[in-house]
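This report looks at three topics in turn: charged side-chain pairs, a sheet, and a pocket. Please keep the sequence and the structure in view while reading.

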Amino acid sequence: MDLSQDTFLNHLAQTTESPSLISVTFAEGIYIYDTDNKRYTDLISGIGVTNIGHRNPAVIAAIKDQLDKYLHVMVYGEYIQSASNELAKKLTSLLPATLNCCYFVNSGTEANEGALKLAKRYTGRREIVSCRQSYHGSTHGSMSVSGNEIKKQAFRPLLPDVTFINFNNVEDLSLITDKTACVILETIQGDAGVRIPSKDYLKAVRKRCNETGALLILDEIQCGMGRTGTLFAFEQFEIAPDILTIAKAFGGGLPIGAFISDKKVMGCLTHDPMLGHITTFGGNPVCCASALATLHVIEEEQLLTGVEEKGKLFETLLRHPKIKEIRRIGLMFAIDFESPEIVNRIVLKAKELGVICYWFLSHPHSFRIAPPLTITKKQIEESCETILKAIDNA
Ligand SMILES: Cc1ncc(COP(=O)(O)O)c(C=O)c1O
């Protein structure tokens, strides 16, 4: 085992100058353990991934079962494999009838790349509408439609013909026109610090897309898979997208994403040109087996039913004069403070005390909480006690 900081810092690419540096030896449920056997409560689910907890036993069993049969056998889209067949059947059974065809990919950003390409190809249009403050991924296309200008500047030129509108602002919807290929939105903006739109807004977006023939892409990569209390957040807004993108918690801890649409729409990727989107590893059977087991766990353990109550408990317990605002939907929280410096101190102090909270990409005045949906009331009470202590001492 090599858990040396030297190897990590010098032989692995770094993304910040101050990585968290927890030397992980084991993880289970809501806990991660380090080399000193210190236990950390993972209140961020590895950034939106372990919604059913680390190493859920049903997921481990499904992975082991698939390992005994085969790993990669062919690139996406050629051979018939039971794991991807079963996953597509199960997933589409949980979605509106128009979301009946899945394209499995490897990550969230790739799901959005595929969705954007599909919308351009299907509509024959080139313009894209997205929202300020949004985050859709780190590859060129997804970055082009992400709203954080500071993060984009060094990587231009990016995609042309992207118009940015304000999230949750009905007036801006007039910028969606009959030249718009698609509108891409996070149903709940995550990295902007948990921004929850009104039902009327999302209905107006849906209506405007219908009027103009633009496809609506909903990015549920962070807010999907039960995080908000329903399997997908859009269910709470009485609308459905033309294309849904998911990843993160979808794989139960293994990398898999998907863009999902009507077969009528998805069908255009096979011609003019054929192979309109391709991927070697998309639909990897081990990842599909893990994702299928994840869906079963959410259903069989009835994880959605407890989400609202647990969310409320956090909100009730997290009372402190330094907290300016809490924005929450289900078990997805942004906790606001007066300054980014206070947030930094709290996040670092909480980590020292064994609770992992974390920053947002585009909202430094708050930290995030998004624990595994499996967290118990007792674990919530213990976690909140530690967070309050961190706030007191920060
Ligand atoms: C809403 C949203 N979309 C897309 C992505 C990109 O996903 P990935 O990191 O798997 O490429 C993220 C990741 O944080 C996200 O939160």
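A salt bridge is counted here where a side-chain nitrogen of Lys or Arg lies within 4 Å of a carboxyl oxygen of Asp or Glu. The structure under discussion is a predicted model, and it holds 21 salt bridges by that criterion.

**Salt bridges**

Side chains of opposite charge can pair when their charged atoms come close. One such pair is formed by the side chains of Arg 328 and Glu 308, with an N to O distance of 2.8 Å. This pair links distant parts of the chain, since Arg 328 belongs to strand 11 whereas Glu 308 belongs to helix 11 (residues 307-317), 20 residues apart. Are the two partners buried or exposed? Arg 328 has a relative accessibility of 16% and therefore counts as buried, the limit for that class being under 20%, while Glu 308, at 36%, counts as partly exposed. The pair is also part of a network of salt bridges, in which Glu 308, Lys 312, Glu 315 and Arg 328 are linked.

Two further salt bridges lie within single helices. Lys 349 and Glu 352 meet through their side chains; they are three residues apart in helix 12 (residues 340-352), and so are separated by about one helical turn. Glu 382 and Lys 378 both lie in helix 13 (residues 377-393), where they are four residues apart, again about one turn of the helix. The table sets out the three pairs with their distances and the relative accessibility of each partner.

| Salt bridge | N to O distance | Relative accessibility |
|---|---|---|
| Arg 328 and Glu 308 | 2.8 Å | Arg 328 16%, Glu 308 36% |
| Lys 349 and Glu 352 | 3.1 Å | Lys 349 22%, Glu 352 51% |
| Glu 382 and Lys 378 | 3.0 Å | Glu 382 33%, Lys 378 55% |

In helix 12, Lys 349 is partly exposed, whereas Glu 352 counts as exposed. In helix 13, Glu 382 counts as partly exposed, and Lys 378 counts as exposed.

**The sheet that contains strand 11**

Strand 11, which carries Arg 328, is part of an open sheet of four strands with the order 11-12-15-14 and antiparallel pairing. Its edge strands are strand 11 (325-329) and strand 14 (358-359), each of which pairs on one side only. Strand 11 and strand 12 run antiparallel and are joined by five bridges, with Arg 327 having Ala 334 in strand 12 as its bridge partner. These two strands form a hairpin with two residues between them, and Gly 330 in the turn has a positive phi of about 60°. Strand 12 (residues 332-336) in turn pairs with strand 15 (residues 366-369) in the antiparallel sense, over four bridges, and Asp 336 stands opposite Ser 366 of strand 15.

**The second largest pocket**

Elsewhere in the model, the second largest pocket encloses about 800 Å³ of space. It is lined by 33 residues, of which Tyr 76, Gly 77, Glu 78, Cys 102 and Tyr 103 are the closest to its centre. Helix 4 (82-93), strand 4 (101-105) and helix 9 (263-266) are the elements that give two or more residues to this lining, and strand 4 supplies the largest share, four residues. What is the make-up of the lining by class? The lining has 16 nonpolar, 15 polar and two charged residues.

Technical notes
Residues are numbered from 1 along each chain as its sequence is written. This is a predicted model: local features need pLDDT of at least 70, side-chain atom pairs count only at pLDDT 80 or more; totals for chains, interfaces and linings use all residues. Side-chain values use heavy atoms; hydrogens and water are left out. Two strands pair if DSSP finds at least two bridges between them. Buried means under 20% relative accessible area, exposed over 50%, partly exposed in between (1.4 Å probe, protein chains only). On a 1 Å grid over the protein atoms alone, a cavity is a set of points where a 1.4 Å probe fits but cannot get out, and a pocket is an open set with protein on both sides within 12 Å along at least five of seven lines; lining residues have an atom within 4 Å of a point. Grid points are joined across faces, edges and corners, and a volume is the space filled by probe spheres set on the points. Ala, Val, Leu, Ile, Met, Phe, Trp, Tyr, Cys and Pro count as nonpolar, Asp, Glu, Lys and Arg as charged, and the others, Gly among them, as polar.
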